[in-house]
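Below are some notes on the model, set out as numbered points. They begin with a single residue and then turn to the cysteines, the interior and the chain as a whole.

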Amino acid sequence: MPHVTFLGGDNVFMRGTEAENRKFVYCPSEDVPFILDVTGITPPNKNYYISRNCCDHYVLMFIPRGSGDLDYNGIHYDLQPSDAVLIEPGSRSCYKASADDPFELIWANFFCDYMDSYLSGIGLKGTPVIRGVDCERKMREIVSLAMQDPNNDHLCFPVMRLVDEILLTLAETLHFEKQRAASHLAHAIKDLLDACVYKRFDVNEATEKLHISKSSLYREFARFYNTSPHQYVLQRKIDLAKTLLLRTDVSVKDVSNTLAFSDEFYFSNLFKQKTGVSPSAFRRGPDKTSAPPPVTDGHPLHAQRAFRRNPDKAKVPPPRD
């Protein structure tokens, strides 16, 4: 594990760092799991700019105020208040403050042999920006500890503990962020499926509209709704079929056609499989006058609305009392 402080050289270009309040840390022993190299606070400066062709250490930064830009391995990120930035060894990065509202940075450069596998284990590997986090106090504490005693043998474990707490906060934030994003995707899939009640479900059409793969569509929907998209559509069709059978006198064949089943026999077999009785028996059953299963999400509760969308069908009588 290297212990030589490295801020400049051919690998790094820096500008606007003159006013930084930074502290270099002395490392008398390499027989430690964590080496804090240098840490500090960069006040807002519209000329601030750092570019690294290949970073040889970890850089952990927090932005309490202001804004800027980060290019990390060819991907651009806007930097805003409450953003944390994690630059990994071997990466190519360039970050700068905005001219109108330059950021303040609290940062720490460190070496750690186990960090690569640790980041992978907690889900942060390859994620340079985590938004909306609260780690300012812990970042300032790292700087304060180094200012008081810049000896890594003394700093190693206290700083390592703080870095670990910060990284766990970032990992937790990222985890729930991904969950929310997946939830939005699952709801978007559901909206497309709900629109398939009166037509056949085309998975290719759904994936094209959402710009996702088939595996992502099936995985994310099942994760939130505990069923497959195909089974969900079939159940929606069966629920609406119950409404049509109870509230109208249209034929079983017309119900099948309206709900876009391939044929009446397939519909009847599926209906019996799902309900335990045939469509005709369900219509004659003792629960004929009971309220039918609801059809949610803005879809019609009454057969009249459904059949208005199919002008070629016979006119449907009003609901029975």
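1. Arg131 sits in the loop that joins strand 11 (129-130) to helix 2 (136-148). The model is a predicted one, and the remarks that follow should be read as remarks on a prediction.

2. Is Arg131 buried, partly exposed or exposed? Its relative accessible area is 33%. Since buried means under 20% and exposed means over 50%, Arg131 counts as partly exposed because its 33% falls in between.

3. Which residues does Arg131 touch, leaving aside those up to four places away in sequence? There are contacts with Tyr77, Asp78, Leu79, Gln80, Ser82 and Asp83, and also with Thr173 and Glu177. Val85 can be added as a distance: its C-alpha atom is 8.8 Å from that of Arg131, although 46 residues separate the two along the chain.

4. On the cysteines, a search of the whole structure returns 0 disulfides. Cys156 is accordingly in no disulfide, and the nearest cysteine sulfur, which belongs to Cys112, lies 8.4 Å away. The cut-off for a disulfide is 2.5 Å between the sulfur atoms, so a pair at 8.4 Å does not qualify.

5. Two of the cysteines can be placed by accessibility. Cys156 has a relative accessibility of 0% and so counts as buried. Cys135 is buried too, because its relative accessible area of 3% is under the 20% limit.

6. How many cavities of 30 Å³ or more does the model contain? The count is 1. The largest cavity holds about 80 Å³ of space. Strand 4 (49-52), strand 5 (58-65) and strand 10 (104-111) are the elements that each give two or more residues to its lining.

7. The lining of the largest cavity consists of 12 residues. Those nearest the centre are Glu20, Tyr48, Ile50, Arg52 and Trp107. By class, the lining has 8 nonpolar residues, 1 polar residue and 3 charged residues.

8. For the chain as a whole, the secondary structure amounts to 10 helices and 11 strands. The chain has 321 residues, and 45% of them count as buried. Among contacts with a separation of 6 or more, 74% are between residues 24 or more positions apart.

9. The surface exposed by the chain comes to about 16100 Å². Carbon and sulfur atoms supply 50% of that area.

How values were computed:
Residues numbered from 1 in each chain as written. Predicted model: local features only at pLDDT ≥ 70, side-chain atom pairs only at ≥ 80, totals over all residues. Heavy atoms only, no water. 1 Å grid on protein atoms, 1.4 Å probe; cavity = no way out; pocket = protein on both sides within 12 Å on 5 of 7 lines; lining within 4 Å. Points joined across faces, edges and corners; volume = space filled by probe spheres on them. Helix = DSSP H or I, 4+ residues; strand = E, 2+ residues; numbered from the N terminus. Nonpolar A, V, L, I, M, F, W, Y, C, P; charged D, E, K, R; others polar. Buried < 20%, exposed > 50% of the residue type's maximum accessible area, 1.4 Å probe, protein only. Contact = heavy atoms within 4.5 Å. Areas by Shrake-Rupley, 256 points an atom, 1.4 Å probe, with all protein chains shown as cover.
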